[in-house]
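User: I am new to reading protein models. Please take me through this one, step by step.

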Amino acid sequence: MTKTSGTAGSLRRDLTLIDAVGIGFGAVIGAGVYVVTGIAAGIAGPALLLALLMAGAVAAANALSSAQLAARYPASGGSYEYGYQLLGPWPGFVAGWMFLASKIAAAGTVAIGLGSYVELLIPQLDPPWIATVSVVLFTILNYFGIRKSSRLNLFIVALSTGALLLLVAAGLPHIERQSFSPFLAYGWRSLFEASALIFFAYTGYARIATLGEEVSNPRRTIPRAILITIGGAIAIYIAVAAVAVGTVGAPALSSSGAPLGVVARAVGPAWLATALPVGALAAMLGVILSQLLGLSRMAFAMARRDDLPAPLATIHPRHHVPSIAVLVIGAIATIVAATGSLRGVASAAAFMILVYYGITNVAALRLTKQTRMYSPIVPAFGLFGCVVLALSLPLRTIATGIAILAAGALFRLLFRRAFARKG
């Protein structure tokens, strides 16, 4: 494949451990805890807490698989790269395609959550307009370099996490035992479906692996950053969910696009009703920022192997970012952010990201004894969990995911036949 002008062979390694953890938290502590917990509460009821634990266990296994693969193959693209290296071109492409589709779909979830929390603060503003402007602004920021993006991301993570900790502290004295009864109100299938949605919310740690080519000392930094991110996220999610269900109950959470705003107003004090939406807005913005980072780097990695148009592999000579990929992904995400719908988008994104992590675990199982960091039991459990959670989603969601996968396969066949150079 010939490179376009301004393209270099690799990106610059600017990200430290703190930067990498910040990017992971920025992706995890966002739409998941501030929005998807409300949807999951409507599906599973008080068993939301068990769903969080189940999804966390599968996510932790996948995180360990991702960590050892990222240490072995520290390049942009995450499981797209691992699939290519260990399983072959088609599994690699499927991983990359499903990542792009799921995370672009996730932008719709973030947009609606962002708009809902904006309404709590400034009812006069149009939520879709705010979400669209945010995507445009962060696309511009990403264009001018990842270090600038990372510094802003760390500030955003501090705001969003701080607001959640304040909510937990204020809500603990107001928890009522009866809010958790009946615990398994809607049955086991609903529990698994809720776990699948929450799994999608946990998976922001993948952004660290996707940015592997820009992390300093990647073999040491990436595994540590992934484990810190997933461990911290599980603890925060469970604490917030326990307070949310215990104070206002699962039905109240599921009835709002801004479920934690409902909790903040219920437990007081008055300033919390303002602080929580501010933290939520910061979290949504952090997710948009990290989504655009990960999506543009995946498109960059796929273009280098002729799985997407070659111009997407162009690296800006001054800013050292995949500039065309940043702009194209930003444009698509802007459209999705203005038109997404909450539960349907979240379910579709969940199925596609479960396929992505299924391939991650299969790739981890192919590591040799000399290169693996953990027992093969870890990726085997991760793969089993991905299959179970994927099959627990509604049939319409599964069919949509399969259709998107088939569209990707057709695109690759036609594109490579028409444009890509073989070998």
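User: How much area does the chain expose, and what share do carbon and sulfur atoms supply?
Analyst: This is a predicted model, where local features need pLDDT of at least 70, side-chain atom pairs count only at pLDDT 80 or more, and totals for chains, interfaces and linings use all residues. Residues are numbered from 1 along each chain as its sequence is written, and side-chain values use heavy atoms, leaving out hydrogens and water. Accessible areas come from the Shrake-Rupley method with a 1.4 Å probe; for residues, only the protein chains shown count as cover. The chain exposes about 15500 Å², and carbon and sulfur atoms supply 68% of that.

User: How many helices and strands does the chain have?
Analyst: Both are DSSP runs, numbered from the N terminus: helices are H or I with at least four residues, strands are E with at least two. On that basis the chain comes to 17 helices and zero strands.

User: What percentage of the residues count as buried?
Analyst: Buried means under 20% relative accessible area, exposed over 50%, and partly exposed in between (1.4 Å probe, protein chains only). The chain has 423 residues, and the buried share is 60%.

User: Asp306 has a positive phi; is Asp306 buried or exposed?
Analyst: Asp306 is found in the loop between α13 (272–304) and α14 (323–339). Its phi is about 65 degrees, although Asp306 is not a glycine. The relative accessibility of Asp306 is 9%, so this residue counts as buried.

User: Which peptide bond is cis?
Analyst: Look at the loop between α7 (146–171) and α8 (188–202), where Pro182 has its place. Omega is near -5 degrees for the cis bond, which runs from Ser181 to Pro182.

User: What is the volume of the largest pocket, and which element gives the most to its lining?
Analyst: On a 1 Å grid over the protein atoms alone, a pocket is an open set of points where a 1.4 Å probe fits, with protein on both sides within 12 Å along at least five of seven lines; lining residues have an atom within 4 Å of a point. Grid points are joined across faces, edges and corners, and the volume is the space filled by probe spheres set on them. The lining includes Trp97, Leu308 and Phe411, while α5 (89–121) and α14 are the elements that give two or more residues. The volume is about 230 Å³, and the top contributor, with four residues, is α5.
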